[in-house]
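Hi,

Here is the structure I promised to pass on. Have a look at it first, and my notes follow below.

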Amino acid sequence: MHRTYKTYNFKKCLIKILIMGFIAIFNSCKPFYNTVYKKPQLVDTKASKQVKILHKKLFYLSKEGFAIGHQDATAYGIGWKQSDFPNMIKSDVNDILDDFPAVYGFDIGGIEKGKTNNLDGVPFDTMRALMIDAYSKGGIITVSWHADNPKTNGDSWDRTPAVQEIIGDGKLVEKYESWLSKVAVFLKSIKYKGKAIPIIFRPHHEMNGDWFWWGNPNCNSLEYMQLWRNTIYSLRDKYHVHNLIYVYAPNKLNPNDNYVDYYPGDTFVDILGIDIYDFQNSVEFSNAIANDLKIVKNIATEKSKLYALTETGVNKSEGVNWFIQELVPDQNWFTKVLYPNIENSGISWILFWRNGNEGEQYMPNKGHKSEADFKIFAKEPKALFLKDINRLKL
Ligand code: BMA
């Protein structure tokens, strides 16, 4: 009896193992690309598997809605910073919803000089830990770079022309190279389970605006394109960074702008982005969103690339336009102004800018006048938070 029972158990085990083996083989045979999700042409042909998975996730996301992102979501918020809560992951979004953002924006301005903290005071070690934490929970990481001015060592907003000197045989080429080497070391150091986590990288953004040293008119479009390509040659080919997806992101288009004025070429850009804020007039904002996102969508579709609203938010603390505010009260901005404009836009994600202080706040916190409206926005079918994107089957 005893022997028979053992044999029976052994057989049962063997069958289980065989079934599990078949399932594993079946799953691993499921093709990564298919007729809906075709193999994209990525900037980095050596991009890691994690990058490829992230790209696929962004693609499928955009079929369901758009991932909701927040800059520095877990690094600080209104009235708090991460070090006040060392044993938990806090975010202003989570304080009002039973969920977290799906996309986590960070800025590495300051890394180029080997600083301990970024330009907004976030320690790079904390930033790395927060990125890993968010990624381990299914979150998506995007990074911008408010680099200092290499010519003057002033900040990003020091508009002294500098690009000419960090391209070609410019005097500061080596200096910029050494900055990129520090960017590379940091971005490669952000690892989860031994592998560098995939990062959506959005350097030298808003170049059609006139506020950054890399922007118009401080360099011309050809110089900008050269800067962009050199940045990729260095990161990808010299410093072997293979965990990046590159996003080209102008600011909202001025009447004479073409979206592709500074576009460095299809082989140098993975995703098309655009930054559009509502600073003064919500009607103007709605028009810009409708108009610009349509342009971005058309160009991206033609190029078979994904696209996103890479920075946004409402902030009328300066230049308040009371008349417009009465027409479209800010308390209802998320549901009345924003959502209708992006609902069918096809963007993969939207990134609300940081909650630096009450004068520079783009996400509601607990008790904020838009809290109730944001909660309604969060329930909209296309607004995808962390739990929603984790439900996606790739
Ligand atoms: C800008 C502003 C600055 C900030 C920078 C980097 O848009 O928010 O205050 O230092 O982003 O986060």
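When I say a residue is around the ligand, one of its heavy atoms lies within 4 Å of it. Those residues are Leu-119, Asp-120, His-146, Trp-157, Trp-353, Arg-354 and Glu-360.

Before more detail, some ground rules. This is a predicted model, where local features need pLDDT of at least 70 and side-chain atom pairs count only at pLDDT 80 or more, while totals for chains, interfaces and linings use all residues. Residues are numbered from 1 along each chain as its sequence is written, and side-chain values use heavy atoms, with hydrogens and water left out.

Back to the ligand. Its oxygen atoms have polar partners (pairs of N or O atoms within 3.5 Å): a side-chain N or O atom of Asp-120 at 2.5 Å, one of Glu-360 at 2.4 Å, and a polar side-chain atom of Trp-353 at 3.0 Å. Taken alone, the ligand exposes 310 Å², and the protein buries 80% of that (Shrake-Rupley areas, 1.4 Å probe).

Next, the helices, which are DSSP runs of H or I with at least four residues; strands are E runs of at least two, and both are numbered from the N terminus. Helix α10 (residues 333–342) and helix α11 (residues 371–379) pack at about 40°, their axes 8 Å apart; the axes are lines fitted to C-alpha atoms over the stretch in contact, with angles from 0 to 180 degrees between N-to-C directions.

Finally, look at the loop between β8 (199–203) and α7 (221–238), where Pro-217 lies. A cis peptide bond joins Asn-216 and Pro-217, with omega about 0°. His-204 is in the loop between β8 and α7, and its phi is positive, near 45°. Most residues other than glycine have a negative phi, and most peptide bonds are trans.

Cheers

Key: A polar contact is a pair of N or O atoms within 3.5 Å; within protein, one must be able to donate a hydrogen and the other to accept it, and residues adjacent in sequence count only if both atoms are side-chain atoms.
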